[in-house]
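Trainee: I would like to go through the salt bridges in this model and see what each label rests on.
Mentor: Then ask about them one at a time.

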Amino acid sequence: MRQPYNTDLSSKEWEIIAPMLPKPSKLGRPPKTDFQEVMNGIFYITKNGCTWENLPHDFPPYSTVYFYFQRWTKTGVIAEINHQISAQVRLADGREETPSLASLDSQSVKTMDSAGSRGIDGGKKIN
């Protein structure tokens, strides 16, 4: 056992996320990787902003964590987990599952060069 980091998933959080991960293939050798530790490694990297190579040694090897991060990102697993959890949080908060309103800062949205008058936003350094 290792000392927990503040980015580690609790048992209750893992119970929510675990069913959302793809099931291992029945072909070939079964994986020996602890997927909860892989997710903990991904959360550690995300929060602390360190490089993959600087992932602490008490997580699985950084190459393993990176491999699953890449695979799950390319196949949409990470985005789906994010979508499912945000929907659950919104429902638990008494709101609709998806937001009904979006807000855009029109001064930051790029337009075509043929637009009418132009101004400058000094704070964002955008014409």
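The exchange below takes the charged pairs in turn and then turns to one of the residues.

Mentor: Keep in mind that this is a predicted model.

Trainee: How many salt bridges are there by the rule used here?
Mentor: The count comes to 3 salt bridges.

Trainee: Why is the pair Asp8 and Arg2 called a salt bridge?
Mentor: The rule asks for a side-chain nitrogen of Lys or Arg within 4 Å of a carboxyl oxygen of Asp or Glu. The N to O distance between the side chains of Asp8 and Arg2 is 2.9 Å, so the pair meets the rule.

Trainee: What makes Asp8 and Arg2 count as buried?
Mentor: Buried means under 20% relative accessible area. Asp8 has 18%, and Arg2 also has 18%, so both residues are buried.

Trainee: How do you know that Arg2 forms a salt bridge with Glu37?
Mentor: The closest N and O atoms of Arg2 and Glu37 are 2.8 Å apart. The cut-off is 4 Å, so this pair is a salt bridge.

Trainee: Which parts of the chain does that pair link?
Mentor: Arg2 is in the segment before helix H1 (11-17), while Glu37 is in helix H2 (residues 35-48). The two residues are 35 residues apart, and the parts they link are distant in the chain.

Trainee: Is Glu37 buried or exposed?
Mentor: Glu37 has 18% relative accessibility, under the 20% limit, so Glu37 counts as buried.

Trainee: Which residues make up the network of salt bridges?
Mentor: The network links Arg2, Asp8 and Glu37. Arg2 has a salt bridge to Asp8 and another to Glu37.

Trainee: Why is Arg95 with Asp93 called a salt bridge?
Mentor: Their closest N and O atoms are 3.2 Å apart. That is within 4 Å, so the label applies.

Trainee: What makes Arg95 partly exposed and Asp93 exposed?
Mentor: Exposed means over 50%, and Asp93 has a relative accessible area of 52%, so Asp93 is exposed. Arg95 has 40%, which lies between the 20% and 50% limits, so Arg95 is partly exposed.

Trainee: Where does Asp8 lie, and what does Asp8 touch?
Mentor: Asp8 lies in the segment before H1. Not counting residues up to four places away in sequence, Asp8 touches Arg2, Glu13, Asn40 and Phe59.

Trainee: What makes the Asp8 and Arg2 pair a polar contact as well?
Mentor: The limit for a polar contact is 3.5 Å, and the side chains of Asp8 and Arg2 are at 2.9 Å, so the distance fits. A polar atom of the Asp8 side chain also lies 3.1 Å from the backbone nitrogen of Tyr5.

How values were computed: Residues are numbered from 1 along each chain as its sequence is written. This is a predicted model: local features need pLDDT of at least 70, side-chain atom pairs count only at pLDDT 80 or more; totals for chains, interfaces and linings use all residues. Side-chain values use heavy atoms; hydrogens and water are left out. Buried means under 20% relative accessible area, exposed over 50%, partly exposed in between (1.4 Å probe, protein chains only). Helices (H or I, at least four residues) and strands (E, at least two) are DSSP runs, numbered from the N terminus. A polar contact is a pair of N or O atoms within 3.5 Å; within protein, one must be able to donate a hydrogen and the other to accept it, and residues adjacent in sequence count only if both atoms are side-chain atoms. Contact means heavy atoms within 4.5 Å.
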